[in-house]
Amino acid sequence: MIFILIILLGLAADQLSKWLVAGSLPLGGSVELLGPLLRLHYVQNTGAAWSLFKNSTLALAVFSVLLLALLAVWFSLTPAAKRGQRLALSVIMSGALGNMLDRFRLGYVVDFLELPHWPVFNVADMLLCCGVAALALLILLEEKREKTEVK
């Protein structure tokens, strides 16, 4: 139940932030938050990360559905004792759902956070990246622990 709540909270934060930005800024508009370090910059991304596969909304939406199905299976096969991995998978699913919802509903993903020398991104992207990083770290630590126990 806690994992469903995490997915829903992440999805709500993502969709609310996108709604606020799209309702407050014109397309292409920007506002400095921390000077040149962080800006809100409203863009519509029809591609994937770093605008790869531009104008591939339908293909990316279908890919998102497949990815979510695989993540759900992975989650269900992960033992309950591995709460960290289940948490990381929930965070990844939350981010994937947020961007997938945009693609199906709008035909593009709303991006709005801009750092210097980095593509514009959103809360769902942060959830995806943090979830993947946490999952990778947890898996590596588990493998290291298992190797240590074998010796």
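## A tour of the rings, cores and surface patch

Start with the aromatics: this predicted model has a count of 1 aromatic pair. Select F3 and F75 to see it: the ring centres sit 5.3 Å apart and the planes meet at 75 degrees, so this pair is edge-to-face, the class for angles over 60. Now colour by helix. F3 belongs to helix α1 and F75 to helix α2, so to speak two distant parts of the chain, 72 residues apart, linked by the pair. Are these two residues buried or exposed? Both F3 and F75 are buried.

Keep those two selected and add I7, L68, L71, A88, L89, I92, M93, A96, M100 and L135: together with F3 and F75, they form the largest nonpolar core, 12 residues in all. Show α1 (2-24), α2 and α3 (83-106) as cartoons, as these are the elements that supply two or more residues each. Which of them gives the most? That is α3, with 6 residues.

Next, zoom in on L68. Setting aside neighbours within four places in sequence, L68 is in contact with M93, A96, L97 and M100. Then move to a second, separate core, made of 11 residues; Y42, V91, Y108 and L127 are among them.

Finally, switch on the surface and pick L58, V62, V65, L66 and F104, which make a nonpolar patch of about 490 Å². Helix α2 (residues 57-77) provides the largest share of this patch, 4 residues. Stop at L58, which lies in helix α2. Why does L58 count as exposed? Its relative accessibility is 62%, and the cut-off is over 50%.

Notes. Residues are numbered from 1 along each chain as its sequence is written. This is a predicted model: local features need pLDDT of at least 70, side-chain atom pairs count only at pLDDT 80 or more; totals for chains, interfaces and linings use all residues. Side-chain values use heavy atoms; hydrogens and water are left out. Patches are made of residues with over 30% relative accessible area and no salt bridge: like charges are joined within 9 Å, nonpolar side chains (Val, Leu, Ile, Met, Phe, Trp, Tyr) within 5 Å. Accessible areas come from the Shrake-Rupley method with a 1.4 Å probe; for residues, only the protein chains shown count as cover. A salt bridge is a side-chain nitrogen of Lys or Arg within 4 Å of a carboxyl oxygen of Asp or Glu. Buried means under 20% relative accessible area, exposed over 50%, partly exposed in between (1.4 Å probe, protein chains only). A nonpolar core is a set of buried Ala, Val, Leu, Ile, Met, Phe, Trp, Tyr and Cys residues joined through side-chain atoms within 4.5 Å. Contact means heavy atoms within 4.5 Å. Rings of Phe, Tyr and Trp (its six-membered ring) pair if their centres lie within 6.5 Å; planes under 30 degrees apart count as stacked, over 60 as edge-to-face and the rest as tilted.
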